[in-house]
Amino acid sequence: MSTLLIDIALFTILTVIGLAIARIRQLFAVAMLSGLFSLTCACIFVLQDAVDVAFTEAAVGAGMTTVLFLGALALTRSREESTPRSRSLPAMLAALATGALLIYASLDLPGFAAADAPVHRHPLTARYLQDSPSEIGIPNVVTSVLASYRGYDTFGEVVVVFTAGIAVLMLLGRGAATSVSAPARVQPLHQQNRVLRVVAKLLIPFILLFALYVQFHGDYGPGGGFQAGVIFASGLILYALVFGLDAARAVAPLAVLRGLASLGVLLYGGVGVATLLLGGAFLEYGRLGGGDALAGQHLGILLVELGVGICVTAAMILLFFSFAGRGAGRPGKTDE
Amino acid sequence: MTLLHLASDLLLGAGVLLVLTGAVGLHRLPEFFTRTHAASITDSAGAGLMLAGMLLRVEDGGTAVRLLLILLFLLFTSPTASHALAQAALQDGMTPLSGARERAR
Amino acid sequence: MIVTHYNYWIAMVLMMIGLYVVMSHANLVKKLIGLNVFQVAVFLLYISLGKIENGTAPILDAAFTTYSHPLPHVLILTAIVVGVATTAVGLALAVRIHEAYGTISEDEALQRDQQERDAA
Amino acid sequence: MLLAATLGLLVAMLLALARALMGPSLYDRILAVNSFGTKTVLVIAVIGCLTGRPDVLDIALTYALINFIGTVAVLKLSHYGEFGASSRRSGGDL
């Protein structure tokens, strides 16, 4: 009963935001609303026990995605024309039909949170929840599944993030952009707002420290490489926002970032190759600990998560730099 | 124990009341600069009291440290954000609704 | 029925809002925002499938015995990060389209293509 | 009490959301979004206390952080390009 009321309130907020995203035509506001959408979703994830997911959604959905949307809007038009009826009516019909079909299909799903649902009775569930303390030896089952049981899968995801970083770099990174954005009319933020500058300077070290905590505490609580990478990148993004892109580029030069992104993937893959050389299967961490399989698992997960963290950090910063570099319109000139 | 619980409840209640006041103000006040005041009530007093209330409930140290960190973080960031926001709005040509402007009408 | 399934239905309604935005708007950035809404709604559906009654987060602790299923959490966690990466690629393409065509409206860009073909 | 607190916070979130939707100026929206974020931090913290899993507080901390960065990002971008501030230059073309 108690959570039912909370659920209803959160779902109401979510639906209102969704409808507003569909209706509002000022894209700047829509981008901010999509951030709120993610935040609210993350609340629901917390209620449904998915703390790691909520963590990621908070950092990625509410932070990175919104910043990227804003960055893209800076480079394009912010307002869209009204949708012609010829377009919206078929879309509405298609959406309604698909929705009706989905809801019809959902009637066959087991009830929400039912203890006898097939998911919870599958033998894999018992393996993950009961055997992982003896097989992997860390309390956060999400991390053990992510890094060890489904290590292949995660390796693939890291490669996708890396590839996306490279792709954006190819599309936006270099080459003469036709001058699209209007020249900045005002001073950069850091010159006009001393309060912001001081507070940012105070906070950034703690943000980076917090990212490291999230990275290395991921075995015991919510956290891990993906979340830590995004938080670390957010720290640098804050630096770039307040002190200008040039200053941030001096801290994290493109060459270093490109190197780090590759290093992360290589570290992950390298752990796999190392276990192969030690006579095990690819990513069979147990081999790393000499005779002690649990120690090997610990070391393997630590290294793999570190690889994920490094790759995600570098990729996220690269994404931001690519958009901001075009957006601020060659900041070296406009800052003066 | 019960006294602590009571104190915690009181703090939480006062905090929620302030948060609600701030939200109503955000909704009802006439223009941007006045709304900033309402928002800061939520961010400082409301959040502070609620976190203090939760602080009285926790038992282990790690949780308490986290709550304090959240409080510290909010106390740093929300006034800064409000300040930067108000300054940007001023530079953008928005003028605060003041008594003088009211009288001139 | 309502009490046990409303979670799924809300997720599906949100998916359809996302789908509607993707199909009905010509603006590429808006399309991507719609896609993002759709994606987050799918995450919601997945996570709600892993929840178990009176369960808690799958971080083992002696104080708890019932845990929600960790597998959906793992899948969605990585999907979120991959999602932002692919969204970024889409946005980068939209920016390049804007530079090449001077618009991010799908319809206008197609029109320009058509005109150039006619002229050629 | 914790439950009542959560519900109160959710009502406050709805009010802030209404302000974010109504505007009228861009800065009103940013203010409302920022305030909404702060309330989310509090909701998460209260839920953490309610369910007895203090791990959740790490998430609340992240929210507080991301919320700040998001606000700064919006401010920065609204001061640069041609977008935003529809009251000033609607249409916002190059």
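## Chain D

Read from its start to its end, chain D follows the pattern α-α-α. In this predicted model, the secondary structure of chain D amounts to three helices and zero strands. Chain D has 94 residues, and 73% of them count as buried. The area that chain D exposes is about 2200 Å², with carbon and sulfur atoms supplying 64% of it.

Contacts within chain D can also be sorted by separation along the sequence. Of those between residues at least 6 apart, 50% join residues at least 24 apart.

## Which chains meet

Five pairs of chains are in contact, and chains A and C share the most contacts among them. Chain B and chain C, by contrast, are joined by no contact; their closest C-alpha atoms lie 15 Å apart.

## The interface of chains A and C

The size of an interface is often given as the accessible area lost when the parts come together. For chain A and chain C, the buried area is about 7900 Å², and carbon and sulfur atoms give 75% of it. Three residues, A:D49, A:R87 and A:F112, supply 9% of the area that chain A buries against chain C, which is more than any other three residues. In terms of residues, 98 from chain A are in contact with 76 from chain C.

Polar pairing is also present here. Between chain A and chain C there are 19 residue pairs in polar contact, counting pairs with both residues at pLDDT 80 or more. Helix α3 of chain A (residues 51–75) gives the largest share of the side of chain A that touches chain C, namely 13 residues. By class, that side of chain A has 64 nonpolar, 21 polar and 13 charged residues. The interface of chain A and chain C holds one salt bridge. In a salt bridge between these chains, C:K51 pairs with A:D49, and the closest N and O atoms are 3.0 Å apart. A:D49 is also one of the three residues named above for their share of the buried area.

## The contact of chains C and D

Chain C and chain D bury about 340 Å² between them, and carbon and sulfur atoms give 52% of this area. The side of chain C that touches chain D divides into four nonpolar residues, two polar and one charged. Seven residues of chain C and four residues of chain D take part in the contact.

The count of salt bridges between chain C and chain D is zero. The count of residue pairs in polar contact, both at pLDDT 80 or more, is likewise zero.

## Salt bridges

Side chains of opposite charge can pair when their charged atoms come close. Over all chains, the structure holds ten salt bridges. One of them links D:D58 and B:R66, with an N to O distance of 3.0 Å. This pair joins two chains, because D:D58 lies in helix α3 (residues 56–79) of chain D and B:R66 in helix α3 (residues 61–91) of chain B. D:D58 and B:R66 are both buried.

Other salt bridges lie within a chain. In chain A, A:R150 forms a salt bridge with A:D153, with the closest N and O atoms 3.0 Å apart. A:R150 counts as partly exposed because its relative accessibility is 28%, and A:D153, at 27%, also counts as partly exposed. In chain C, C:R112 forms a salt bridge with C:E116, and here the closest N and O atoms are 3.9 Å apart. C:R112 and C:E116 both belong to helix α4 (residues 106–119) of chain C, where they are four residues apart, about one turn of the helix. C:R112 has 31% relative accessibility and so counts as partly exposed; C:E116 is partly exposed at 47%.

## Two buried residues

C:K31 is placed in helix α2 (residues 28–50) of chain C. Its relative accessibility is 16%, so C:K31 counts as buried. The side chain of C:K31 makes a polar contact with the side chain of C:E106 at 3.4 Å. Leaving aside residues up to four places away in sequence, C:K31 touches C:V22, C:M23, C:H25, C:A26 and C:E106, and also A:R87 of chain A.

A:L241 is found in helix α11 (residues 225–243) of chain A. A:L241 counts as buried because its relative accessibility is 5%. The C-alpha atom of A:L241 is separated by 9.7 Å from that of A:A200, which is 41 residues apart from A:L241 along the chain.

Conventions:
Residues are numbered from 1 along each chain as its sequence is written. Chains are lettered from A and ligands numbered from 1 in the order in which they are written. This is a predicted model: local features need pLDDT of at least 70, side-chain atom pairs count only at pLDDT 80 or more; totals for chains, interfaces and linings use all residues. Side-chain values use heavy atoms; hydrogens and water are left out. Contact means heavy atoms within 4.5 Å. Buried area is the accessible area (1.4 Å probe) that two parts lose on being put together, summed over both. A salt bridge is a side-chain nitrogen of Lys or Arg within 4 Å of a carboxyl oxygen of Asp or Glu. A polar contact is a pair of N or O atoms within 3.5 Å; within protein, one must be able to donate a hydrogen and the other to accept it, and residues adjacent in sequence count only if both atoms are side-chain atoms. Ala, Val, Leu, Ile, Met, Phe, Trp, Tyr, Cys and Pro count as nonpolar, Asp, Glu, Lys and Arg as charged, and the others, Gly among them, as polar. Buried means under 20% relative accessible area, exposed over 50%, partly exposed in between (1.4 Å probe, protein chains only). Accessible areas come from the Shrake-Rupley method with a 1.4 Å probe; for residues, only the protein chains shown count as cover.
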